[in-house]
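Grab a pencil and work through a few exercises on a protein model. Try each task on your own before you read its solution.

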Amino acid sequence: MEKEKKVMLSGIQPSGDLHLGNYLGAIRNWAARAEEFECYYFMADMHTLTVHQVPAELRRRTITQLAQYISCGLDPEQNTLFIQSHVPQHAELAWVLNCFTMFGELSRMTQFKDKAAQNADNINGGLFTYPTLMAADILLYQPDFVPVGSDQKQHVELTRDVAQRFNHIYGDVFKIPEPYIPKEGARIMSLSDPTVKMSKSSPEGCVFLQDSPEEITRKFKRAVTDSDTENCVRYAPEEKPGVSNLIVIYSACTGRTHEQIEEEFKGQGYGALKKAVGEAVAETLRPIREQTDRLLKDKGYLEEIYRNGAQRASRTADKTLRKVYKKVGFVPR
C-alpha cells in the first residue's frame, strides 16, 4: 500500500514581481519536494489588499507569478497551484479564526509594527488581522510543514497557537503545522544594503526573475561590498556582510562551497567576484525568464492551470471548513 504523503503549503503575495531571494530562498526548494510531499502553492492576492493596489497591475503580477512558479519547476501535475481569492474558504475560515485570535497576539506581530510604520496613512483592519488570514491559508489544508523564511516563523507560531486554542475547545480539528526553514539560501540579502533581506520595495538592490542579463550584471557591478581595505573575498557575515551575501548567492547558483569560492577568488578582489556572480545569476535565471515569456503568450493554458488548481484546493479546503462550521454550531448548508 502506498504511503500517504505529508502535506506542505506556501504562498507569496503578488504585490511585486518575484525576485532572486524568492527563488533561491523558497521556490527552488519547493520544486524539489513534489516527490516527497503533497504540495499546495498559491498566489496570495488577498493579502496584497492591505496596501492599495492598481487593479490591472495586480492581475498582471498574479498571472505572471503563476507562469514563474511553473518556470521555476513547479509542475502543475505534481503540485496544486491556485489563486487565493479563487478559493473562498480562505476568507470564511479567516473570520472564524479571528474570533479565536487575541488582540494582544496580533499587536505583538513584528511585521504589523513594521508595515504600520511604513504605511502610517493606511493602518487598516486587514493590516492588523492578516496573520489570521495567513493562519486560515495554512490550516485549511492540514499541512504538516510550512516552508517559510526565518522572518515568517512568528506567523507560523501564531497559527499553531490559534489551532491549539481551537482544538482545546472543540477537539482535534486542526493538524498543528511545523515551520520548515531551509538551511541554505534561506536569506538572500539586498545588493544595496546587505544588512536587510532582498525586497521588491528596494528595486536597485533586488534582482527580479524577469530582469535581462544586462540588467542583472549591472546590478551586481553596483552591489555594495565592504568598506575595508582588505579587498579579500572571504565569508564572514558579521565583518563582511556585502561580500558574504555575494558568496551565498554564487554558492546557490553554482553549487560551490564557501571555501571553494574563497579559493577561486584568492588574490583577485571584489570586482572579479561581482562580475562572476552577476554572470552566474544571469545564466541561472535565463531559462526561467524565457519559459515565463513563452507561458504568458498562452493565456488559455494558464487559465486552465489556475482553474483546475482552485477546484482541487477547494475540495480539500471545504472538508476542513465544513468540520469547523459544524464544531462552532453553524447550521449545515
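The exercises below deal with a predicted model, and each one comes with a worked solution.

**Exercise 1. The cores**

Find the largest nonpolar core, and say which helix gives the most to it.

Solution. Start with the count: the largest nonpolar core has 56 residues. Next, look for the residues with the most contacts inside this core; they are L20, I27, Y69, F220, I249, V281 and L285. Then turn to the helices: α11, which spans residues 270-296, gives the most, with 11 residues. Another core, of 42 residues, lies apart from this one, and L106, F128, M134 and F166 are among its members.

Now zoom in on I27. Skipping residues up to four places away in sequence, I27 touches I12, L18, N22, Y69, C72 and L74.

**Exercise 2. α2 against α11**

Work out how helix α2 is oriented to α11: parallel, antiparallel, perpendicular or oblique?

Solution. A general point helps to begin with: a pair of packed helices is described by the angle between their axes and the distance between those axes. Here α2 (residues 55-71) packs against α11 at an angle of about 130 degrees, and the axes are 9 Å apart. Angles over 145 degrees count as roughly antiparallel and 65 to 115 as roughly perpendicular, so α2 is oblique to α11. As for handedness, the crossing of these two helices is right-handed.

Next, list who meets whom. From α2 come I63, T64, A67, Q68, I70 and S71, and they meet I288, Q291, T292, L295 and L296 of α11. Sort these by class and you get six nonpolar residues, five polar ones and no charged ones.

**Exercise 3. α5 against α6**

Do the same for α5 and α6: what is their orientation, and which residues meet?

Solution. First the geometry: the axes of α5 (residues 110-118) and α6 (residues 125-139) come within 10 Å and cross at roughly 160 degrees. Because angles over 145 degrees count as roughly antiparallel, α5 gets that label with respect to α6. The crossing is right-handed.

Then the contact: Q111, F112, K115 and A116 in α5 meet L127, F128 and Y130 in α6. By class, that gives five nonpolar residues, one polar and one charged.

**Exercise 4. Three loop residues**

Decide whether T50, Q142 and F208 are buried or exposed, and place each in its loop.

Solution. The cut-off you need is this: buried means under 20% relative accessible area.

- T50 sits in the loop between β2 (37-43) and α2. Its relative accessible area is 10%, so T50 is buried. Leaving out residues up to four places away in sequence, T50 touches N122, N124, G126, L127 and Y130.
- Q142 belongs to the loop between α6 and β4 (145-147). With 17% relative accessibility, Q142 counts as buried. Check the backbone too: phi of Q142 is near 50 degrees, a positive value in a residue other than glycine. In general, most residues other than glycine have a negative phi.
- F208 is in the loop between β5 (178-180) and α8 (213-221). At 13% relative accessibility, F208 is buried as well.

One last step for F208: what does it touch, neighbours within four places in sequence aside? The contacts are D17, L18, H19, K200, P203, K219 and L285. F208 and Y23 are 185 residues apart in sequence, yet 9.6 Å apart in space, C-alpha to C-alpha.

Conventions
Residues numbered from 1 in each chain as written. Predicted model: local features only at pLDDT ≥ 70, side-chain atom pairs only at ≥ 80, totals over all residues. Heavy atoms only, no water. Core = buried A, V, L, I, M, F, W, Y, C linked by side-chain atoms within 4.5 Å. Buried < 20%, exposed > 50% of the residue type's maximum accessible area, 1.4 Å probe, protein only. Helix = DSSP H or I, 4+ residues; strand = E, 2+ residues; numbered from the N terminus. Contact = heavy atoms within 4.5 Å. Axes fitted to C-alpha atoms, helices over the stretch in contact; angles between N-to-C directions. Parallel < 35°, antiparallel > 145°, perpendicular 65-115°, else oblique. Left-handed = near helix turned anticlockwise from the far one by under 90°. Nonpolar A, V, L, I, M, F, W, Y, C, P; charged D, E, K, R; others polar.
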